[in-house]
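User: Let's go through the open space and the ligand site, with the criteria behind each term.
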Amino acid sequence: MPDSASSIKESSSHQSPTNQPENTSAREQWSSRMVFILAATGSAVGLGNIWKFPYITGENGGGAFVLVYLLCIASIGVPIMMAEVMLGRRGRNDPVTTMKKLARESGHSRAWGLLGWMGVIAGFLILSYYSVIAGWAMAYVPFMASGTFNGLDAAGVNTVFSDLVSHPETLIFWHTSFLFLTMLVVARGVRGGLEKAVTYLMPLLFALLIILIFYAIDTGAFQKGVAYLFTPDFSKLTTEGILSAMGHAFFTLSLGMGAIMVYGSYLPAKTSIAKASFAVAFMDTMVALMAGLIIFPIVFANSLEPSAGPGLIFKTLPLAFGQMDYGALFGTLFFILLVFAAWTSSISLIEPAITWGMKTFQISRVKMAVFAGIFVWLSGLLTVFSFNLTSDLTITSTISTQYGEFVILKNATAFDFLDYLTSNIMLPLGGLMIAIYAGWLMKKEYSRDELDISRAMYALWLFLVRFIAPLMVVVVFLNAMGVVAFIRTIMGV
Ligand code: PHE
């Protein structure tokens, strides 16, 4: 990982001469940036990349969806990440206090604190289901280690998965275990240990993904998988698909809810926000694309459905591990690493709530962690039951106009609803507000000073956060609600 960070070219041209590094201080700066990159990558790379990206790509028909997702990462994700880190570093506080403080500094309303609030709630809601899914990954560790999948065919693997999710008590057991792990770290406020974990485990995860890609090449359906991922078929792209690609760009980069803002608040003053943001976004995208390159060949080689939904990786990867040499070993290792990746993300999901709660209620970190843990645990039950007891309890919400029918939610369980609400609405809304604040309201001298990038880069960044990112978010929102179709019909285009 140090390589990818240091290989990004120095672009900063206004390093003040007084700050010119001697050897020692240069090394210190570099290592601080690394620490941030590690923590932020730990937050970004998680279930979103390996579990969610493949399954929503499959639900949305592949290539065209992936293209929109990549476009969103580049044009909205990276600039908003820079904005969010910047606000965090300038505010140096929990998201609510940071937003209030910055608003005061630039002479704007304290109501900006609401942005921090929404983030605290979004993180909380996401963690409630994230923990349940991470629990599935945990459950797969003993399955793998005991050779459950050895020689099983697709139907057999399917049965193992359905069996798991149909037992609420088993899911609760794993949900509890994962949440306990998360809260343990959060309560102790240990960042050092995590950084070590990310330093060693992330490269290992990369290595395992590469091994799996070789397996995928061997399935005979690799080309089909590549074509599925990278050949856009726009007839498959729906308005909901576009919304979910954008929502996922926020989700996968941990943006729009204050996680990256809190991490930014620990960032030393002179580290390059731009380089760090690029590095994180790049690694995150690589992991997601690698996951896609592994899953889809397995899907096609075994005549499975790409649109299998949230169980997709749990129904495909075991087939690969069940067939390859040392599959039980690699499989066990893989799911352990997936749990670790989820762990470093879940900590950042709840950190905004913890820092905010400690300050607001004037209580210790440990107390706040227990408090938050209980609430998240209870909310997680909604997701647990979505896959068994209450799986039939669904809502469908459509807006039908004379210009067409717009499906907002279709047969959505509580889990689907939570996911939709947080990824597709709350995170983009939070990101929109961050972009507007950083681009329009924050004094330019502050943002220029914080970002410390070349003139041209700054102009590009400002253009993206002022116009492109807000416009894209708004248009995608309106599009999903049918407003764009409405206007087009009225104008006859
Ligand atoms: N980015 C994480 C993932 O892809 C999830 C996450 C979202 C973490 C928002 C923090 C904040 O798994």
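Analyst: The largest pocket has 31 lining residues, with Tyr-55, Ile-56, Glu-59, Lys-410 and Asp-416 nearest its centre. This is a predicted model: local features need pLDDT of at least 70, side-chain atom pairs need 80 or more, and totals for chains, interfaces and linings use all residues. Numbering runs from 1 along each chain as its sequence is written, and side-chain values use heavy atoms, without hydrogens or water.

User: What makes a residue part of the lining of a pocket?

Analyst: A lining residue has an atom within 4 Å of a grid point. The pocket is an open set of points on a 1 Å grid over the protein atoms alone, with protein on both sides within 12 Å along at least five of seven lines; a cavity is a set where a 1.4 Å probe fits but cannot get out. Helix 17 gives the largest share of the lining of the largest pocket, six residues.

User: Why is the ligand said to sit in the largest cavity?

Analyst: Sitting in a cavity requires more than half of a molecule's atoms to lie within 2 Å of its grid points. The ligand is placed in the largest cavity, so it meets that test.

User: What makes the pair of Ser-254 and the ligand a polar contact?

Analyst: A polar contact is a pair of N or O atoms within 3.5 Å. A polar side-chain atom of Ser-254 is 3.0 Å from a ligand nitrogen, so the pair qualifies. The protein buries 100% of the 330 Å² that the ligand exposes when taken alone (Shrake-Rupley method, 1.4 Å probe).

Methods. Helices (H or I, at least four residues) and strands (E, at least two) are DSSP runs, numbered from the N terminus. A polar contact is a pair of N or O atoms within 3.5 Å; within protein, one must be able to donate a hydrogen and the other to accept it, and residues adjacent in sequence count only if both atoms are side-chain atoms.
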